[in-house]
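Trainee: I'm new to this one and would like a close look at a single part. Could you take me through the sheet and what packs around it?

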Amino acid sequence: MTTRTTRRAITAVTIALVGAVVLAGCTDDAAGGSPSGSGQGSGSGSAAPKPVGSRVDIDCDVLVPQSVFAAYGETFTLVTDATPQKDTPAADIAAQRGQVCVWRNGGRDTTVTLAVADLPDAAITKLEDSLFEDSNSVPTYTVEGYFDVTGGLGRADAFVAPYWVNVESALFTEPGTAQPVVDSVRAALAGSSSPSATASTTP
């Protein structure tokens with residue numbers, strides 16, 4: 001039951017995000033912009049739609065300082081050359097110009113993967129609706145948050161507008177075990193200035 005629920009959530013979130021990208025492309029076309037992949041000299045319209053997310057440039061050690069991992073009684077090292085696994089939320093977030101961070105515990109070869117995307121309101125709403133239907137709400141995250149486990153991998157999602165925060169690890173067996181990381185990221189984002197938010201307030 002849990003496996004099916006989590007798989008549905010991952011699929012629904014991916015579909016919601018792709019749908020938001022497509023809608024953004026349609027809006028650009030209606031405003032007179034060129035469809036993605038249909039520029040001069042292009043013989044095909046097969047190019048991937050452009051990202052709708054704003055770039056996230058917050059350093060990994062700002063989002064989750066080493067002191068946070070002390071809560072797990074283990075030492076984790078940032079993997080600077082990590083690549084998100086295909087068909088995961090982290091891969092989707094990377095495609096949206098988000099920040100992806102991976103830490104590894106060498107002793108147990110356990111990883112913590114964090115991904116943060118800065119998305120438009122419409123995309124955030126679609127993601128929240130998908131997770132509301134297919135995951136488990138977690139009020140203790142103090143923002144709209146969700147948690148599920150499948151195959152021994154715990155996944156937490158939290159929304160700190162305009163950010164989507166996704167974190168996964170075998171360390172996370174219940175919502176509370178992901179809480180130190182979620183809280184750290186939430187605090188870091190609350191103290192940051194989103195590029196999209198800044199743009200919206202500029203005269």
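Mentor: Sure, let's go. Keep in mind that this is a predicted model. Start with the whole chain: there are six helices and seven strands, and along the sequence they come in the pattern α-α-β-α-β-β-α-β-β-β-β-α-α. Of the 203 residues in the protein chain, 40% are buried. Among contacts between residues at least 6 apart in sequence, 64% join residues at least 24 apart.

Now the sheet. Which order do the seven strands take? The order is E1-E2-E3-E7-E6-E5-E4, in an open sheet with antiparallel pairing. The edges are strand E1 (77-78) and strand E4 (136-137), each of which pairs on one side only.

Let's walk in from the E1 edge. E1 and E2 run antiparallel and are joined by two bridges, and in this pairing Leu-78 sits opposite Trp-103 of E2. Trp-103 also belongs to an aromatic cluster together with Phe-69 and Phe-76; the structure holds three aromatic pairs.

Next comes E2 itself, residues 99-105, which pairs with E3 in the antiparallel sense over seven bridges. Two places to find along this pairing: Val-100 stands opposite Ala-115 in E3, and Asn-105 has Thr-110 of E3 as its bridge partner. The two strands make a hairpin with four residues between them, and in the turn Asp-109 has a positive phi of about 55°. How enclosed is E2? Five of its seven residues are buried, so E2 is largely enclosed by the rest of the structure.

Stay with E3, residues 110-118, and pick out Thr-113. Is Thr-113 buried or exposed? Its relative accessibility is 17%, and because buried means under 20%, Thr-113 counts as buried. Leaving aside residues up to four places away in sequence, Thr-113 touches Ala-90, Val-100, Cys-101, Val-102, Asn-166, Val-167 and Glu-168.

One place further along is Leu-114, whose contacts, again leaving out residues up to four places away in sequence, include Leu-63, Val-64, Trp-103, Val-165, Val-167 and Val-185. That leads us to the packing. In soluble globular proteins, nonpolar side chains tend to be buried together. Here the largest nonpolar core has 31 residues, and Leu-63 and Leu-114 are those with the most contacts inside it. Helix H2 (60-63), E2, E3, E6, E7 and helix H5 (175-190) each supply at least two residues of this core. Which of them gives the most? That is H5, with six residues. There is also a second, separate core of 13 residues, with Ala-90, Ala-117, Tyr-146 and Phe-159 among them.

While we're at H5, have a look at Tyr-72, which is found in the loop between H2 and E1. Tyr-72 has a relative accessibility of 17%, so it counts as buried too. Among the residues Tyr-72 touches, not counting those up to four places away in sequence, are Leu-171, Phe-172, Thr-177, Pro-180 and Val-181. Take Pro-180: this residue is 108 residues from Tyr-72 along the chain, yet their C-alpha atoms are separated by 9.1 Å.

Now go to the other end of the sheet. From the E4 edge, two bridges join E4 to E5, and these strands run antiparallel. Ser-137 stands opposite Tyr-146 in E5. That Tyr-146 is one of the residues in the second core. The hairpin of E4 and E5 has six residues between the strands, and Thr-142 takes a positive phi near 65° there.

E5 then pairs with E6 in the antiparallel sense over seven bridges, with Val-149 opposite Gly-154 in E6. These two strands form a hairpin as well, with two residues between them; Gly-151 in that turn has a positive phi of about 55°.

One helix to add here is H4 (residues 121-134). Where does H4 lie? Helix H4 lies across strand E5 (144-150), strand E6 (153-160) and strand E7 (163-169), and runs at about 140° to E6.

Finally, a word on the outside. The protein chain exposes about 10500 Å², and carbon and sulfur atoms supply 53% of that. For a second pass, trace the sheet again in its order, E1-E2-E3-E7-E6-E5-E4, then look for Leu-63 and Leu-114 in the largest core.

Technical notes. Residues are numbered from 1 along each chain as its sequence is written. This is a predicted model: local features need pLDDT of at least 70, side-chain atom pairs count only at pLDDT 80 or more; totals for chains, interfaces and linings use all residues. Side-chain values use heavy atoms; hydrogens and water are left out. Buried means under 20% relative accessible area, exposed over 50%, partly exposed in between (1.4 Å probe, protein chains only). Contact means heavy atoms within 4.5 Å. Accessible areas come from the Shrake-Rupley method with a 1.4 Å probe; for residues, only the protein chains shown count as cover. Rings of Phe, Tyr and Trp (its six-membered ring) pair if their centres lie within 6.5 Å; planes under 30 degrees apart count as stacked, over 60 as edge-to-face and the rest as tilted. Two strands pair if DSSP finds at least two bridges between them. Axes are lines fitted to C-alpha atoms, for helices over the stretch in contact, and angles run from 0 to 180 degrees between N-to-C directions. A nonpolar core is a set of buried Ala, Val, Leu, Ile, Met, Phe, Trp, Tyr and Cys residues joined through side-chain atoms within 4.5 Å.
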